[in-house]
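Me: Can you walk me through a few local features of this one? I'd like the reasoning along with the values.

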Amino acid sequence: MGPASLQDDTEPEEKEPKEEMESYRYLLQAGSQLESTLQQVTVPLSLKEVGGYIEKQVAYLSGGRGEDSSVIITLPECSAFSDIPEEALAKVFTYLTLIPRTRQPGVKFIIILDRRLDTWASIKTALARIAASFPGNLHLVLVLRPTSFFHRTVTDIGFRFSQEDFMLKMPVVMLSSVTDLLRYIDENQLTSEFGGTLDYCHSDWIVLRTAIESFAVTVKDIAQMLQGFGTELAETELPDEGKAIESLLESHTDKYRKLKGAIRSVSKEGRHLLLSLETSGKEDDSQWDVKLDWETVQRLLAQLRDMESAFDGFFEKHHLKLHQYLQLLRYEQSFQEMELCLDHLMAQERELTTSVDTMAQTEQALKRLDGLESNAQEVMTRAQIIILHGHQLSAGHHYAMALIMQRCNELRHYCDTLNAALKTKHTRLLQTHQLLLCLGQAQTWCDDGAYLLANQLVDKFQSKDGAQAALRDIEGFLDGAPSMLSSGPDVLTIEYEAVITSQLQAKIGETFEKHAAVQQMIQNRQASLRKLADKHVRPVQLVAPRPENPPRSKSPLFSPKHGDGLKFTFDLSLPGKRTSRKSPNPRKIEVIHDYQESRSCVSYSLEGEDSPDLLKRHVMRELIETERIYVEELLAVLLGYRAEMDNPALSGLLPPILRSKRDILFGNMPEIYNFHSRVFLQDLEGCLEAPEGVGACFLERKESFQMYECYCQNKPRSEALWRQFSDCTFFQECQKKLEHKLGLDSYLLKPVQRLTKYQLLLKELLKYSTDCEGTSELQGALTAMLDLLKSVNDSMHQIAITGYEGEICELGRVLMQGSFSVWISHKRGPTRMKELARFKPMQRHLFLYERALLFCKKREEHGDGCDKTPSYSFKHCLKMTAVGITENVKGDVKKFEIWYSGREEVYVVQAPTVEVKMAWLNELRRILTNQQKMLRDEAYQHGQMVGHMQLSPPHSESKQQRASVSSEDTESGRSSPDPQPHSPKHQHNRRSWPGAHHSVDICEGLEEWPGGRDPFHPSDTEDEVLVQLSPGRYMALVDCLQNGPDSIPIKCGDVIQLQCEDSRGRWLVKNLSRRQEGFIAAASLQQIIGDSSRGHSSRLGDPGNLKVRKLSSP
């Protein structure tokens, strides 16, 4: 995957991360607010655009105010006033009026026209131009008339005749002197030239206005630059090369620094301007315009800071985005390089064949595999570094965290797959090497035997002593025979089934043929020698027979170094739920206690007449004391062994492969320790003075104890790993530091020991708590712990099931399991001779789940000594929705019936004991009763009356599957094993659940069926009835879940069309009811359309019965 596709994988997070776009939105918002403020406080005309007329003081704003806060504009004496163009005068008036109007819309103006040294003609012209050019709301025009007598007289006369013209345009007041001016305007609002006290300097005003306008323009430019740069960053396309990104980061950072410098410069200018305005304002508090200017500059500075902050946040997010994208590109490059390395290693692994036939080929393959494993270990170490780097990026809240974690998981999957493949091939090659070594030893032994016989001189064993010596030589030679020769070729083939090739099979055959020939030669020689020895009278010597089977080697768990301990054996099989007596090797858990701890924890030899309360306290103290010791031992293991695996000082003693498998070795012991140390021990200590509360304590933590099931399921893997590395120096060093007498394996067994100990302590507490407070809780706690032990035991058996194609977890929780003798009968035509073998019992191990009943065959235990573990081959599955039971079968109280799909298939099950039978019947009855209740509830909710839910079912057969239970005695007066209908009296005496009206008796006299063989001899013959599949439309009779990406789900009642069968035995099926199409295995189709179609066809439009054929499978 390249960088281009990388951008596609990380959208929308990578192109437009939410945080970055949010920051960009804040930047645009701050810029918009700043522009709005600039429009409000700035004048459209600048001082430069007005020209030099403001500097010539044609008119000015002194800052004074008149009536109603009218702004005063002063027109001083100006000899060149008449020469000013109309356009320029209009700009002057517009500029001077815009300054107050932008701050205070609707403000009024007062014009003071100083013409004390002028003429009436000049006054008249000035008034006319003012009337024509003044843009604001002119409140009053105050004219200081000429002071000379002549011009004043002319002015009075002229104004009297022209007054009406002027007054229509604007209010004009002709003043004779400055004193008259004070009647209209206060003294403190007039400048000194009019006898007032207002301080005004025109040059300072121009400098200040220039500075304010320049500052506003600069702020506007900076805002536009920030917005432009922000838009550029937001619209930048991310390049696909690391160098391009680095260049982009460098250029953006350079522009950012320049903008930051410009912002600092403008901010500094604004602060200086504020300082100048503050100085002016302090000198004269009456200058309102200075205050307004100060507020304007302060507002612009604040909004500039806001925009700067928004820009900083946006740039930080964008810079982080680019930096993280650069990290992502580099990480992706590392991932692709590592992926190529792993693909190359996996290709090499696939090329390495394990099909070798000679010792030289095996050793060469092992050498190549060792080199490949060394290279793989180095590459996987680098892969782990890349994975660690990915986790570091994710911990740093990288925006592409999901993609990075996906890459980490892919690398981890690659490493695990490669490691598992290498380990599998290594194991196979070692097995082949071991087999070839054993065959070579056997061949050598045969050659040595032939050589021994050839070197025995006939003249030397003609005497008694010579014959006996020759016999002793032969017996000594036979005692040294390789063990594999005593097992036979079939056992050897099964043991090395995974690596057997045709050439190796031929070698095995040659070896055993050679052994048989040599053995025959030895037997002939022995017979001759015995005849020679028997000719002489010799005393009879009693010889102790040599045991046929050598004693089993002890497990490494209980090696001689554990000699100081005592070993006890606990069988997790509970009363009433035992496995078959015929099972020679029941699963057991061996528990080791130190000799110092071998005292009983639940039996107390107390003298005197101690009260039950005192006895309960003794048990309670024992429970708490052993719990503390248990927690301390767990902590010692976790700190003294598990944590030491990360100790650099001991890293050289620890094999690298073991460090990555410590979770297998220790299981979930850290979780168990946390629960007991932080929760359960405190709960128990709280019950020290109130033992009656300990039952509630166990019940409250009932769900937490389920973690032991996970620990026990992992125990076989942990033991296998320990046996592989038990001689490691690391463990010996840790044991020496901890000063433990026993090895780590003994302490890994502590959780199992503790689990079995709780129920003993609870029994003891219950014994002393008769009719006391908390007795019911104690009984519930004991039941919960016994159920937990049973659940652990059942789960340990469940994980050994092989051959089941579906997901076992979909069947629900395993409720019971055990071994039974099983007979099978099918309801169909006349019984053929081939079917008679069906009535020999088969040994089957049954697993009862919430939704199904599995029939499995228990296989021989594999391995030697403690490695022996049973396995269960899956044979058949019955869905509980189509199961019924008959509780009693006449002739044997340990038998009961399980029938399927309305007795289409009947399974006669013989339990080892009556107690086991009743326990299974109770559980089956509970499941079927719950199913019927659910069906009633569904029918009630939908307002429908379902036929098989009625209390009085009709006599006509229903096509729906039934779940029923009946209790009856079957008749045995028939010689034919073919099922027959019930007699009326049995129909009358039957106790049944709804839907059991058509249950059929099965013949009980099966064990008397003539056949010349023991009828109870276990038989592996199973008959399965299959429907001959052909294209066409069918009605689905059972549900079928989706199994695979190209499969489809089927519901009961759907109309399906079978189209064609592929090379893998799957049918292309079209679900017409749901408009879906996909592949379904032929075995699944047998169940979907075949379970209830043996008596009537489920094929739509085909009235004939489907053809069925009977197959036999071992």
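**Helix packing and exposed spots**

Reply: Sure, and keep in mind that this is a predicted model. Let's start with a helix pair: helix 12 (residues 401-455) packs with helix 16 (residues 502-534), and their axes are 10 Å apart at an angle of about 25°.

Me: Are helix 12 and helix 16 roughly parallel or roughly antiparallel to each other?
Reply: Their axes make an angle of about 25°. Angles under 35 degrees count as roughly parallel. Helix 12 and helix 16 are therefore roughly parallel.

Me: And which hand does the crossing of helix 12 and helix 16 have?
Reply: We're still on the pair packed with axes 10 Å apart. The crossing of helix 12 and helix 16 is left-handed.

Me: Which residues join Val893 in a nonpolar surface patch, and how much accessible area do they have together?
Reply: Val893 sits in the loop between strand 13 (883-886) and strand 14 (895-900). Val893 has a relative accessible area of 58%, so it's exposed. The patch partners are Val914 and Met918, and the accessible area together is about 240 Å².

Me: What is phi of Glu739 near?
Reply: Glu739 is in the loop between helix 23 (729-738) and helix 24 (744-748). With a relative accessible area of 69%, Glu739 is exposed. Its phi is positive though the residue isn't glycine, near 60°.

Me: Is Arg1075 buried or exposed?
Reply: Arg1075 lies in the loop between strand 21 (1066-1071) and strand 22 (1076-1081). Here too a residue other than glycine has a positive phi, near 55°. The cut-off for exposed is over 50%. Arg1075 has a relative accessible area of 80%, so the word is exposed.

Terms used: Residues numbered from 1 in each chain as written. Predicted model: local features only at pLDDT ≥ 70, side-chain atom pairs only at ≥ 80, totals over all residues. Heavy atoms only, no water. Patch = residues over 30% accessible without salt bridge, like charges linked within 9 Å, V, L, I, M, F, W, Y side chains within 5 Å. Areas by Shrake-Rupley, 256 points an atom, 1.4 Å probe, with all protein chains shown as cover. Salt bridge = Lys/Arg side-chain N within 4 Å of Asp/Glu carboxyl O. Helix = DSSP H or I, 4+ residues; strand = E, 2+ residues; numbered from the N terminus. Buried < 20%, exposed > 50% of the residue type's maximum accessible area, 1.4 Å probe, protein only. Axes fitted to C-alpha atoms, helices over the stretch in contact; angles between N-to-C directions. Parallel < 35°, antiparallel > 145°, perpendicular 65-115°, else oblique. Left-handed = near helix turned anticlockwise from the far one by under 90°.
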